[in-house]
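Here's a quick briefing to read with the structure open beside you. It goes topic by topic, so skip around as you like.

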Amino acid sequence: MTFQTHTGNRGLVLEEKLIFEQGEPGRSGVDLPDPAPVKSRLGGLARDENSEIGLPGLSEPQVVRHFTRLSQKNFGIDSGFFPLGSCTMKHNPRLNEKVARLPGIADLHPMQPESTVQGALELIDQCAHWLMVLTGMPAVAMSPASGAQGELCGMMAIRAALDARGENRRRVLVPESAHGTNPATAAACGFTVDSIPATEDGRVDLAAFEAKLGDDVAGIMLTNPNTCGLFERDVRKIADLVHAAGGYFYCDGANFNAIVGRVRPADLGIDAMHINLHKTFSTPHGGGGPGSGPVVFSDALAPFAPIPYVVKTEDGFHLVETAEEKDGKKPFGRLKGFHGQMGMFVRALSYMKSHGADGLRQASGDAVLNANYLLARLKTKLSVAFPGYCMHEALFDDDFLKGTGVSTLDLAKAIIDEGFHPMTMYFPLVVHGALLIEPTETETKESIDQFCDAVLSLVAKAEAGDSEFFKNAPYLTPRRRLDETAAARKPILRWSPSNA
Amino acid sequence: MRYLPLTQADRASMLETIGAGSVDELYSDVPEGALLKEPVDLPHHQGEMQVERDMAQLAAKNMGTASAPSFLGAGAYRHHIPATVDYIIQRGEFLTAYTPYQPEIAQGTLQYLFEFQTQVASITEMDVANASMWDGATSCAEAVLMACRATRRKKAVLSGGLHPHYREVTETYCQYSDTEVAGRDGHPEHQATADELDDLIDDQTACVVVQYPDVFGRLADHTKLAEACHAKGALLVVVFTEAVAFGAIKSPGSFGADIVCGEGQSIGNALGYGGPYVGLFATTSKLVRQMPGRLCGETVDQDGKRGFVLTLSTREQHIRREKATSNICTNSGLCSLAFTVHMSLLGEDGYRKLAAINHERAVTTADALDAVDCVEVVNDSFFNEFTVKLSKPAAEVVEALVARGILAGVPLSRLYPNRDDLGQYMLVAVTETNTDDDIAALAAALKEVLA
């Protein structure tokens, strides 16, 4: 690009300084009344009025403009096709946002007396009911703040159950293709991680798994559908074997979207599974959170679920906040302050009610149909990682790029210029140069076709030998390829006048 | 189904391209008998109007803090949120984006994270802050684990002034990592001084954790405690639940804290019945590689222009797996945006003024309550929350005030169900949202109920 503007702006994409490089002392974007004069009771710990904290002063219109300009440098699911495998970037209905902001929900304090929050407790109970019916499981812990904390919840329940049995089992089996959170979580519960290899067809190697079983095995952490986008055909055998060996079956439910309303995890023999409400039930990803990761439990693990939890009594709904209220429960502790991600329960329940039992079944079917359609269209040029049908995401390796001088990363960056968010790259690690593509159920056939046409045209361009073009992509973004190595070598993690 | 765009004709033509006879055929890897043939036993889909009506009915069964004088705190605070905050966080490009793994098309998210990190570091007077944790309690637990990693020691000393939920979460996180959690019970009328914790610090102590202001609302200078920690090779962790406070009180960094963590809900985030909230986490440059969670860093692009990326990810779970500093993956991205927007609106003057108003409202309330017979304000010092001792069990008094349309404070029995000695104490939190009428109503109602 030789065309230059004086300002550095590019049409609607405007350059924007940091807020710390704008503003004037004495300016503010809020109008607050002057406090009445009172005798301070700060115990002699008042902050020095003459020493700056370092917050710039901006008016409200400056702030609105600043963040609006920043927003224009972001790609979201509202902006376009976002086929990020394993992340399930589906439509985020605005009805969910509206109901989450209702008075009587958004303005509730977590420590209000129970008599004043019966509707909130009923809402949590309803959300829990939907999750239990959809998974076929008898219990659910609603409080985990995210999928990763859901894993922690499930694995801590397993650890507590083993401790209650007086067994010192410390080895957890984790497939090579697992999300990095799985081994990190197991380690946080004092377990050691033992990897299970994958077979030629992208699933857990049953023989290798069986060979690893022993009386020191606490359990298995398996993602199903797995991170290769495939259903683990032997899942019931895996469940039976781990149970026979005295261990538990933790299922990473990140890919529940593919089977919701069609397969109940309880029917597969799992003991615990987290559900990412931001994936399967459409709560927005928010540029990295907040998430929410309720965990469903089998009868064996249900007593160990953490506090708090909601119970229905003759007098209404009751929130159990202490481990002392017996009723047969042996909670392993508390995972976060207060009661969980209420704001996410509202959105997920609104989504579930909107779909209903019929719509959720249709949604998972359409997600799988879209992924297989995309797989069928792209496999004419791209190399499929594993044969057969996929679930809600399609996995390719980089064989098709061999000899072109173009890498998976280069291709992904070129896809950005075509107006799409790239697929997930280099994950799962079991496949060389992986490209994991997940269209989700909320995409039209037309948008999938447009994406496939664009990818196929880029592959043709790569095959034609224009690797230089790819090395320099993207061309049209607010920033071109960023130097991540430099960022890590000499980290600049905050603004300061000296590095301005 | 309004969210599903495929038509029957689309589905038929797509199946033809795939070469499959039906959608069920795509599920052929599912074991025999596990594939449901019919929808599960739940209601069928509803239109937007009906769902909205259902949810509004649930909401109407609650008594919201916006519709009553409310003095609830204990780790979550009702503040006014400027309309601009909610408008910005609902912009689709922020709301519906993913973790910024493709920095070229995520500069919006990355830049605000960098601004957020700078704001958090500034108000706490620490060198660096991360791009947020899930909430204050999990932030506290991660701080303790980090202190153990950094010092290679196994003992954490928790002050009795620490919020009980924070203590419980920390104990839960530590229970399987052979970290020993020690400490003493707190009491609103027995000030936990540096000396009280001093004798618990030994050469096995990784950190001492104090809350500031503490759970009973009290303020204490922790300079000496920091010195005592450092003399024995331990770290000082300072926890907070009210981020507005640092506009009025000395920062934890000025005491010599090594890790500062807490709850950011107060700035820009709704009460929302307890979540989602935003955990803040800051530390010294020396300890940055021990930090849990995401960090955003400044760099340049291939044209030499300033840009931002996620960085130092070699500490994280997706690279280091079982050797990662933490298993945290998703953070509280959008809540940190709300924090950043609100803090940008406030600015230096607004932040200090907001804090001053909170303190003034609290002093005014404390004076009004002290004038009521059978109510005693026990704090010498406080920011916007303090403890009162009542002549009757606080939980009963709170229920009686609900009947009068007032959401009074949090009875300590709610936080400490096993402590009979705390039954008559109540935490009262006051913010800029509390009017003179609210304060008068609370005092009058207490007078009536305690008479």
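First off, this is a predicted model. One backbone spot to look at is A:Phe338, which sits in the loop between strand 9 (316–320) and helix 9 of chain A. Its phi is positive, about 60 degrees, even though A:Phe338 isn't a glycine.

**Other backbone details**
- In chain A, a cis peptide bond links A:Ala473 to A:Pro474, with omega at about 0 degrees. You'll find A:Pro474 in the loop between helix 12 (467–471) and helix 13 (484–489) of chain A.
- Chain B has a cis peptide bond as well, joining B:Gly275 and B:Pro276, again with omega about 0 degrees. B:Pro276 lies in the loop that runs between strand 6 (259–263) and strand 7 (279–283) of chain B.

**Where chain A meets chain B**
- On the contact count, 210 residues of chain A touch 199 residues of chain B.
- Together the two chains bury about 17,200 Å², and 61% of that is on carbon and sulfur atoms. A:Arg41, A:Arg47 and A:Leu493 supply 6% of what chain A buries against chain B, more than any other three residues.
- Polar chemistry shows up too: 105 residue pairs are in polar contact across the interface, counting pairs with both residues at pLDDT 80 or more.
- The interface also has 16 salt bridges by the rule used. As for a specific salt bridge, the side chains of B:Glu168 and A:Arg334 come together at 3.0 Å, N to O.
- On the side of chain A that touches chain B, helix 9 (residues 342–378) of chain A gives the most, with 27 residues. That side of chain A breaks down into 99 nonpolar, 63 polar and 48 charged residues.

**Chain B overall**
- Chain B's secondary structure adds up to 16 helices and 13 strands. Its radius of gyration is 25 Å, close to the 22 Å the globule rule gives for 451 residues, so chain B is as compact as a globular protein of that length.
- The C-alpha trace of chain B spans about 80 × 55 × 50 Å along its principal axes.

**A sheet in chain B**
- Four strands of chain B form an open sheet in the order 10-11-13-12, with antiparallel pairing. Strand 10 (375–377) and strand 12 (410–411) are at the edges with a single partner strand each, so one side of each has no neighbour in the sheet.
- Strand 11 (residues 385–390) and strand 13 (residues 425–429) of chain B pair antiparallel over 5 bridges. For a residue-level handle, B:Val388 has B:Met426 in strand 13 as its bridge partner.

Methods
Residues numbered from 1 in each chain as written. Chains lettered and ligands numbered in written order. Predicted model: local features only at pLDDT ≥ 70, side-chain atom pairs only at ≥ 80, totals over all residues. Heavy atoms only, no water. Pairing = 2+ DSSP bridges. Helix = DSSP H or I, 4+ residues; strand = E, 2+ residues; numbered from the N terminus. Contact = heavy atoms within 4.5 Å. Buried area = accessible area lost by both parts, 1.4 Å probe. Salt bridge = Lys/Arg side-chain N within 4 Å of Asp/Glu carboxyl O. Polar contact = N/O pair within 3.5 Å; in protein donor to acceptor, adjacent residues only side chain to side chain. Nonpolar A, V, L, I, M, F, W, Y, C, P; charged D, E, K, R; others polar. Rg over C-alpha atoms; globule rule 2.2 N^0.38 Å.
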